Amino acid sequence: MARRTPRPARPRPPKDCPCGLPAPYAECCGRYHAGQAAPTAEALMRSRFSAFAVQDEPYLLRTWHPDHRPAAVDFDPGMRWTRLEILDTKDGSAFHTTGEVTFRAHYTEGGDEGSLYERSRFVRHEGAWVYLDAVFTD
């Protein structure tokens, strides 16, 4: 029998939602992580940021388009996602089949602060919003 390397424990769910909306995690992104479908591309973007913050790999994989989904999510144990800024949205409502969300995600790593600036594309797949791909702009 092969020996398994233990994975680090996932962070405990926070009280306040990491996505930046003024709501408790359980009532905001936590409900999407628990199985409720995100109603818009922006809601999916926020919930995916929160999933990175709480290291919810099953949710991230479930909301990734199957044509682009990796086998696993490689969480950096030294990185902590701290804040999300939504800068722009294009389409992505209940009436659209595609959408884009431009955002800046802030993090700390090894005591240093940084940010990721990205435009993510989302599509409907089997009726639900999924993350398709991204354009990194810095």
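## Arg121 and its partner

At 33% relative accessibility, Arg121 counts as partly exposed, a label that sits between buried (under 20% relative accessible area) and exposed (over 50%), using a 1.4 Å probe and protein chains only. Its partner Asp133 is also partly exposed, at 22% relative accessibility. The two side chains meet in a salt bridge, with N to O at 2.6 Å; the term stands for a side-chain nitrogen of Lys or Arg within 4 Å of a carboxyl oxygen of Asp or Glu. Arg121 belongs to strand β3 and Asp133 to strand β4 (residues 128-136), so this pair ties together parts that are 12 residues apart in sequence.

## About the model

This is a predicted model, in which local features need pLDDT of at least 70 and side-chain atom pairs count only at pLDDT 80 or more, while totals for chains, interfaces and linings use all residues. Residues are numbered from 1 along each chain as its sequence is written, and side-chain values use heavy atoms, leaving out hydrogens and water.

Helices (H or I, at least four residues) and strands (E, at least two) are DSSP runs, numbered from the N terminus.

## Other charged pairs

Side chains of opposite charge can pair when their charged atoms come close. By the salt-bridge rule, the count here comes to four.

One of them joins Arg119 and Glu100, whose closest N and O atoms are 3.6 Å apart. Arg119 lies in strand β3 (residues 112-125) and Glu100 in strand β2 (residues 98-109), so the pair ties together parts that are 19 residues apart in sequence. Arg119 is partly exposed at 30% relative accessibility, and Glu100 is partly exposed with a relative accessible area of 24%.

## A pair within a helix

Where do Glu42 and Arg46 lie? Both are in helix α2 (residues 41-54), four residues apart, or about one turn of the helix. Their side chains form a salt bridge at 3.0 Å, N to O. Glu42 is partly exposed, with a relative accessible area of 27%, whereas Arg46 is buried at 13%.

## A negative patch

On the surface, Asp74, Asp76, Glu109, Asp112 and Glu113 gather in a patch of negative charge. Patches take residues with over 30% relative accessible area and no salt bridge, with like charges joined within 9 Å; Asp and Glu count as negative, and the place of a charge is CG of Asp or CD of Glu. Areas come from the Shrake-Rupley method with a 1.4 Å probe.

Among the patch members, Asp112 is found in strand β3. Asp112 is exposed, with a relative accessible area of 52%.

Terms used: Patches are made of residues with over 30% relative accessible area and no salt bridge: like charges are joined within 9 Å, nonpolar side chains (Val, Leu, Ile, Met, Phe, Trp, Tyr) within 5 Å.
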